[in-house]
Amino acid sequence: MRARVIRAYFWVSGQKPQIPGLSLYSEFRKGRRFVSITVQRATTNDLAILYQIERECFTIEAFGKEHLAFLLEDPNAVGLVAQMNGKVAGFIIGLIRSALDGTKVGHIYTLDVAIEHRRKGVGLRLLNDLERIFVEEGVDTCYLEARLDNVAARELYHKQGYVEVERLEHYYHRGVHGVRLRKVLKTSK
Ligand SMILES: CC(C)(COP(=O)(O)OP(=O)(O)OC[C@H]1O[C@@H](n2cnc3c(N)ncnc32)[C@H](O)[C@@H]1OP(=O)(O)O)[C@@H](O)C(=O)NCCC(=O)NCCS
């Protein structure tokens with residue numbers, strides 16, 4: 001089946017866009033031009049560029065290519081890739097698991113935005129779209145982890161409504177701590 005393309009526009013000129021019928025990204029910044037962010041399902045065909053961005057983002061801590069392929073091929077995984085003006089700008093991969101109480105839990109494994117495309121709304125857009133798919137799939141709660149010193153990621157997650165629920169001592173390496181964050185996506189009946 002052809003991957004579903006989710007399209008939105010990111011208006012950054014400081015004026016409200018007047019394009020009826022489009023889903024518009026509600027962020028305005030002065031002095032920039034109109035750019036589009038297109039999000040679609042990631043597949044193993046995207047592996048080479050995803051791995052390149054993963055290395056750019058995480059250097060020695062990057063997932064290996066095999067690990068990324070393994071995640072993308074997992075039937076419980078949701079991988080999304082974002083393009084800006086036709087160029088791959090970032091990606092996100094999350095997994096859906098069933099909890100013992102029968103609820104579905106989402107876990108975000110990686111969120112990567114290429115350096116040249118940062119602070120343009122790509123990270124937030126990927127997170128939003130993944131959460132929407134999680135909700136469609138019946139996920140109640142979403143978890144993720146971030147390094148304690150990763151200010152950009154923690155700010156992004158706070159902005160998106162994530163709450164830090166646990167400090168993870170030596171989670172990444174000895175002396176490199178993390179935090180676990182959680183967001184309730186929908187309230188169980
Ligand atoms: C974290 C990351 C995904 C953010 O992606 P991005 O596309 O640049 O983020 P956005 O443009 O959507 O930013 C949304 C908000 O997040 C926060 N934010 C993003 N980058 C930030 C930074 N460097 N410093 C402080 N806040 C930041 C801001 O609140 C921002 O809103 P604003 O630009 O209106 O101030 C990106 O920096 C990245 O790929 N980093 C390396 C990989 C990584 O750390 N991934 C997360 C692992 S847990």
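**Figure 1. The protein chain combines 4 helices and 9 strands.** This is a predicted model, so treat the views below as a guided tour of that prediction. Follow the chain along its sequence and you will meet the pattern β-β-β-α-α-β-β-β-α-β-α-β-β. The protein chain has 189 residues, and 26% of them are buried. Look, too, at which parts of the sequence touch: among contacts between residues at least 6 apart in sequence, 55% join residues at least 24 apart.

**Figure 2. A shell of 19 residues lies around the ligand.** Which of these residues come nearest to the ligand? They are R118, G123, L124, A152 and E155. By chemical character, the shell divides into 10 nonpolar, 3 polar and 6 charged residues.

**Figure 3. Strand 6, helix 3 and helix 4 each supply at least two residues of the shell around the ligand.** To find them, look for strand 6 at 104-113, helix 3 at 122-136 and helix 4 at 151-159. Which element gives the most to this shell? Helix 4 does, with 6 residues.

**Figure 4. Helix 3 has 15 residues.** From its first C-alpha to its last, helix 3 reaches 21 Å, close to the 21 Å expected at 1.5 Å a residue. Which residues of helix 3 are buried? Look for V122, G123, R125, L126, L127, L130, E131 and F134. One of these, G123, is also among the residues that come nearest to the ligand. Just after helix 3, pause at G138, where phi is positive, at about 90°.

Conventions:
Residues numbered from 1 in each chain as written. Predicted model: local features only at pLDDT ≥ 70, side-chain atom pairs only at ≥ 80, totals over all residues. Near = placed C-beta within 6 Å. Nonpolar A, V, L, I, M, F, W, Y, C, P; charged D, E, K, R; others polar. Expected span 1.5 Å × (residues − 1). Buried ≥ 20, exposed ≤ 12 C-beta atoms within 10 Å, placed from the backbone. Contact = placed C-beta atoms within 7 Å.
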